[in-house]
Amino acid sequence: MAVDKVIVTNVAALRAKYGDKFARVKAAIDAMIAADAGRNLVTRLIAIDSQTDMARVGARAVTSAIDQAGAKAAVDAIYRHDRPDYIMLLGSRDVVPHIHLANPMLDLDKEEDPDVPSDVPYACEAPFSRRPEDFLGPTRVVGRLPDLNGADEPSYLVKVLATAAKFVCRDPKDYSTHFALTNQLWRRSTRKSVIKLFGDDSSLFSSPPNGPRWTAAQLAPRIHFINCHGGSVSPDFFGEIPKRSFPIAHSARLLPARVTKGSVVAAECCFGAELYAPSSTHGQMAICNAYLGEGAYGFFGSTGIAYGPSTGQGQADLICQFFVASVLDGASLGRATLEARQLFVSKYSHTDPSDLKTAVQFLLLGDPSVQPVKAEPHAFSGSKVVKRAVKSGLLKPEAREFRRERLVRTGSNLIRTVGSAVPSKIRMPAATRRFLLRAAKESRIQRPTFKSFQVKFPRTAKLPELKNVRTDRTDRSIHMVIGTLRRKVARESPERIVTAIIVTMERQQIVHVRRVHSR
Amino acid sequence: MVLEGDVVRKRIHLGSKSEHDAAMLVTADGEFKLRVQGGNPFVDPEVEALVGKRIRGEGLVSARQFIMERYEVLRG
């Protein structure tokens, strides 16, 4: 029998966490499988630590919950054998590990994340590696339903499993309102996102002065779009005003009994989807965990430091917008995640380091098969003749299979064609260095630092039709000057602090320039 | 984990969504953004008061941040 959805977990790791109480988790998994069957989804639990389960798919059992290469190989084998439409990783990163990718920003900023915890490799055909550029072409629908990192009591996991199993696919009108929250400094950028998604910004709150004690009515809308500061191992999101004040804008502590069942959250915040152990914060779970524990269906967020301009649109703004737009259009949470990743990468001829990091650091926490919003059907599908044909078996709709084919084709095209900037010791041409110095001076950047990258394209990118485009993909490089603004300028215009000027070169010619405005 | 070092102020995460001035603990093993467990990760008066001092702290390291459960000032 064809399998539509696999629940991939490490049973030994769950047993180690919960002991005898694992029986409650198993019962909740069985209830989900039964509920899925009621929706015509064939769901199978696969333990990557089980020799039997892994032998069935032709792979080795994973012997350690922190074995990233083993977990990736197991998921690849499961996907190739069962060809499921949905892959649900069950458990936090201490059950099924994130794949820790090299951080492409680390060469620019030594205080950056040491690596990028990611679930994107599980969504890709490429074999295990630490190179983020290997995972620019995701093709699989993947999400993670997490338990609490470090937990020894399974109530939270049982609860989120039950929420997903009992999900209700609602009319679009039930998702027609939103709760949008921005750091005051980024209001102009967030306003653009909100207007693009919802048509107006009347429900956009800024911090300060708003938050964190939101009323139930304010949090009632089922779409939450959040663009605030976030910190590692912190249960709060933060606002900012220009005088080094970071008030709490939104807090996991204040969420209980205020989240509407079926909410979907997109958070641009740094570390918004970091699955840390609550014991690190006096027992307070992360805000992503809190949302799911309160009945939200999904949380789309970043595992580390995220990027985006203060006034324009880029990186985190885009990938979060794409996710929400897809959800509102009737996609499952997993498909919305995959479409967001693909659309984000497709916007670029090549990804610079911050784009590349963005593409691999955002992930879905939630059951990927959950479809929160009903898709509007074509009128013909509701006609008597079509309904009769479906009932008789004459017509067997294969819409999901066609969508998966499209997604595989799109992801495959991306990994074959999109380039990425990798740190390089290539010599910066003297004229380019002079240009960057002059530009840095004109933009009042102080303590400028220079970095260079080589843009590398996949070998398969030499398609005949690409020979006809005028850009030269054989010798493309990126050079950057990065620094901080002189204080006087920053005080006068805090939203226009320039931190980096980036030039793209083909052979010895500058062909593109841009300034990146920092937060 | 126990770390010892000097506390300095530095602007970090340039160009990211969390660019800010931070108190950094400079140790023999590298630099870590300094936090106190339960405190505001971006600006915390308790941590700010440690700038310019040498401290020894006990806590956990996550994403190049040292989150202290307790500390002592060695030189102020």
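# A tour of chains A and B

Select the charged side chains of chain A: there are 76 positive and 50 negative ones, and the centres of the two sets lie 4 Å apart. Keep in mind throughout that this is a predicted model.

**Chain A as a whole**

Now show chain A as a cartoon. The chain contains 15 helices and 21 strands. Turn it along its principal axes, and the C-alpha atoms fill a box of roughly 70 × 55 × 55 Å. A compact globule of 519 residues would have a radius of gyration near 24 Å, and the 23 Å of chain A agrees with that.

Switch to a surface view. Chain A has an accessible surface of about 21700 Å², and carbon and sulfur atoms account for 53% of that area. Of the 519 residues in this chain, 59% are buried. If you look at contacts in chain A between residues at least 6 apart in sequence, 76% of them join residues at least 24 apart.

**Stop one: Ser207(A)**

Select Ser207(A), which sits in strand β8, covering residues 204–207 of chain A. Is this residue buried or exposed? Ser207(A) counts as buried because its relative accessibility is 1%, where the limit for buried is under 20%.

Next, add Gln184(A) to the selection. Ser207(A) and Gln184(A) are 23 residues apart in sequence, yet their C-alpha atoms are 5.2 Å apart in space. Gln184(A) is also one of the residues that Ser207(A) touches when those up to four places away in sequence are left out. Others on that list include Leu181(A), Thr182(A) and Asn183(A). Further along the chain, Gly239(A), Glu240(A), Pro247(A), Ile248(A) and Ala249(A) are touched as well.

**Stop two: the cysteines**

Select the cysteines in all chains. How many disulfides are there over all chains? The count is 0. Zoom in on Cys124(A): its nearest cysteine sulfur belongs to Cys320(A) and is 18 Å away, and Cys124(A) is in no disulfide. A disulfide needs two cysteine sulfur atoms within 2.5 Å, so this pair does not qualify. Cys124(A) counts as buried, at 1% relative accessibility.

Move to Cys228(A). Here the nearest cysteine sulfur is that of Cys269(A), 5.3 Å away, and Cys228(A) is in no disulfide either. Cys228(A) is buried too, with a relative accessible area of 0%.

**Chain B as a whole**

Hide chain A and show chain B as a cartoon. There are 1 helix and 5 strands to find. Start at the N terminus and follow the elements in the order β-β-β-α-β-β. The C-alpha atoms of chain B fill a box of roughly 35 × 25 × 20 Å along the principal axes. With 76 residues, a compact globule would have a radius of gyration near 11 Å, and chain B agrees at 11 Å.

In the surface view, chain B exposes about 3200 Å², of which 46% comes from carbon and sulfur atoms. Buried residues make up 50% of the 76 in this chain. Among contacts in chain B with a separation of 6 or more, 39% are between residues 24 or more positions apart. Colour the charges: there are 12 positive and 12 negative ones, with mean positions 3 Å apart.

**Last stop: Asp29(B)**

Select Asp29(B), in the loop between β2 (20–27) and β3 (30–36) of chain B. Asp29(B) is exposed, with a relative accessible area of 64%. Finally, add Glu4(B): Asp29(B) and Glu4(B) are 25 residues apart in sequence, and 9.5 Å separates their C-alpha atoms in space.

Conventions:
Residues numbered from 1 in each chain as written. Chains lettered and ligands numbered in written order. Predicted model: local features only at pLDDT ≥ 70, side-chain atom pairs only at ≥ 80, totals over all residues. Heavy atoms only, no water. Buried < 20%, exposed > 50% of the residue type's maximum accessible area, 1.4 Å probe, protein only. Helix = DSSP H or I, 4+ residues; strand = E, 2+ residues; numbered from the N terminus. Rg over C-alpha atoms; globule rule 2.2 N^0.38 Å. Contact = heavy atoms within 4.5 Å. Areas by Shrake-Rupley, 256 points an atom, 1.4 Å probe, with all protein chains shown as cover. Lys, Arg positive; Asp, Glu negative; His and termini not counted. Charge placed at Lys NZ, Arg CZ, Asp CG, Glu CD.
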